[in-house]
Amino acid sequence: MANDGRGPQRRPRRGGRRTQEAGLSPADAPGWALVTGASSGIGAALARQLAAAGWSVVLTARSADRLEALATEVSALGRACRVFVADLSATSGVEALLAFVAAEGLALELLVNNAGVGAGGDFATLAGPRQCAMLGLNVDALTRLTHACLGPMRARGHGAIINVASVAAFQPVPFMAAYAASKAYVLSLSLALWEENRGHGVHVMAVCPGSTDTGFFAAAEMSGGGPYQQTPEQVAAETMAALARRRPLVVTGGGNRAMVAAGRFLPRRWMLAAAARFARPRMRAAAGG
Ligand SMILES: NC(=O)c1ccc[n+]([C@@H]2O[C@H](COP(=O)([O-])OP(=O)(O)OC[C@H]3O[C@@H](n4cnc5c(N)ncnc54)[C@H](OP(=O)(O)O)[C@@H]3O)[C@@H](O)[C@H]2O)c1
C-alpha cells in the first residue's frame, strides 16, 4: 500500500481486496489544497494546519479582508497561497472559482468542501429563498466542486476530497430541518464516493463535527453552544489525523462519537424529540432572512 509518510499505513478492515490505496500524491511533498469557507471557523483552522503541514492553499469565501489576512499568515510559513473571493451559493460563483483554478494552472491534490451555513427556525415560516441559498451552498456547490475535481484526480491516480458534514447528518433535526437534510446528503454522497473512488487512488472523506465554537450559530440566527463543544482547531486537528489514516468518516470529539453511536439504538420518535429539544430553544427568529 502506498503511504504519503504522514500517517501509519492501514489495511482495510473488511470488504475485500483493494487494487490501490486511495490517497494523496505518491511524492511526499503535499501539493495544492482548495479550502472553501476559509475565512473563519473550521475552514480557517484547516487552512492553517494544512499550510503548517506543507500544503499550498487556495482560500475562498466571500470576506476578502479575512482571506487576505489568512493569506499573509500562510505566506509567512513559506507556503504558496491564492485567494479567490466568491459567493458559492450561486452556480456562477462556483464556475468562477473553477475557472480561476484552471487559469492559474493549479492541479488540486486536495479539495476541502467546508463552506456551509445553517438556518434555525420553523421550516414553514423561514424564508424560502434563504433556505434555497443554503442548499445552493451546502449541497449544490459541494456537488459541483467534487464532480469537477474527481475527474482530474482519477486521471492522475491520486488526490483527496474532504466534505464537512455534521453530526446533524445522522438524524433529522426539527427546527434545523433543511440544514440537517443537507448534511445527511453530504454524508451519504461522501461515503458512496469513498467506495466508488478508492480503487482509483482518490480518497473521499466525510467530517462530522458537533457543536463547534465558530460564527456558525450566529449566521444561522441561533444561540450557540451545546454539549461537547469543540474549538475549530480541535476539529481541524482530528480531520488532519483522519486524512492521514484514510478514514472514510470522522465524527470529531469523543462525546459526539458516543452520541452518534447511541443514536443508532434509540427509537426514532425519541431521537426526533431530543433533536427538537436541542434546536428549538436556540432559535432566535422563526421567520425572515
Ligand atoms: N460550528 C458548528 O457547530 C458546526 C457543526 C457541524 C458542522 N459544521 C459545519 O462546518 C462548516 C464550517 O462552518 P463553521 O462552523 O466554521 O462556521 P463559520 O465560521 O460561520 O464558517 C463558515 C464559512 O463558510 C463561508 N461561507 C458562508 N456562506 C458562503 C457563501 N455563500 N459563499 C462562500 N462561502 C460562504 C464563510 O465565509 P464568508 O462569510 O466570508 O463567505 C465562512 O468562511 C460548515 O459546513 C458547517 O455546516 C459546523
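The questions and answers below go through a predicted model of one protein chain and its ligand.

User: How many helices and strands does the protein chain have?
Analyst: The model is predicted, and the protein chain holds 289 residues, 43% of them buried. Its secondary structure comes to 9 helices and 7 strands.

User: What share of the contacts with a separation of 6 or more lies between residues 24 or more positions apart?
Analyst: Two residues are in contact here if their C-beta atoms lie within 7 Å. Among contacts in the protein chain with a separation of 6 or more, residues 24 or more positions apart account for 69%.

User: In what sense do strands E1 and E2 run, and what is the handedness of the crossover from E1 through H1 to E2?
Analyst: Strand E1 covers residues 32-36, and 5 bridges join E1 to E2 in the parallel sense. Within this pair, alanine 33 stands opposite valine 57 in E2. The chain crosses from E1 through H1 to E2 as a β-α-β crossover, and its handedness is right-handed.

User: Which residue of E3 stands opposite leucine 59?
Analyst: E2 pairs with strand E3, residues 81-85, over 5 bridges in the parallel sense. Helix H2, residues 64-76, joins with E2 and E3 in a right-handed β-α-β unit. Opposite leucine 59 stands valine 83.

User: Why is strand E2 largely enclosed by the rest of the structure?
Analyst: A residue counts as buried if 20 or more other C-beta atoms lie within 10 Å of its own. Strand E2 spans residues 56-61, and it is largely enclosed because its buried residues number 5 of the 6.

User: Which helix gives the largest share of the largest nonpolar core?
Analyst: In soluble globular proteins, nonpolar side chains tend to be buried together. The largest nonpolar core here has 81 residues, and those touching the most other members include Ala33, Val35, Val57 and Leu59. The largest share of this core is 8 residues, and it comes from helix H5, residues 177-197.

User: Which residues does valine 35 touch, not counting residues up to four places away in sequence?
Analyst: Val35 is among the residues that touch the most other members of the largest nonpolar core. With residues up to four places away in sequence left out, valine 35 touches Gly43, Leu46, Ala47, Val57, Leu59, Val112 and Asn114.

User: Which helix supplies the largest share of the shell around the ligand?
Analyst: The ligand is surrounded by 28 residues, the closest being Gly37, Gly41, Arg62, Ser63 and Gly116. By class, this shell has 12 nonpolar, 14 polar and 2 charged residues. Helix H1 (41-52) and helix H6 (216-219) each supply at least two shell residues. The largest share, 3 residues, comes from H1.

Methods. Residues numbered from 1 in each chain as written. Predicted model: local features only at pLDDT ≥ 70, side-chain atom pairs only at ≥ 80, totals over all residues. Core = buried A, V, L, I, M, F, W, Y, C linked by C-beta atoms within 7 Å. Buried ≥ 20, exposed ≤ 12 C-beta atoms within 10 Å, placed from the backbone. Helix = DSSP H or I, 4+ residues; strand = E, 2+ residues; numbered from the N terminus. Near = placed C-beta within 6 Å. Nonpolar A, V, L, I, M, F, W, Y, C, P; charged D, E, K, R; others polar. Pairing = 2+ DSSP bridges. Right-handed = clockwise from strand over helix to strand, strands pointing away.
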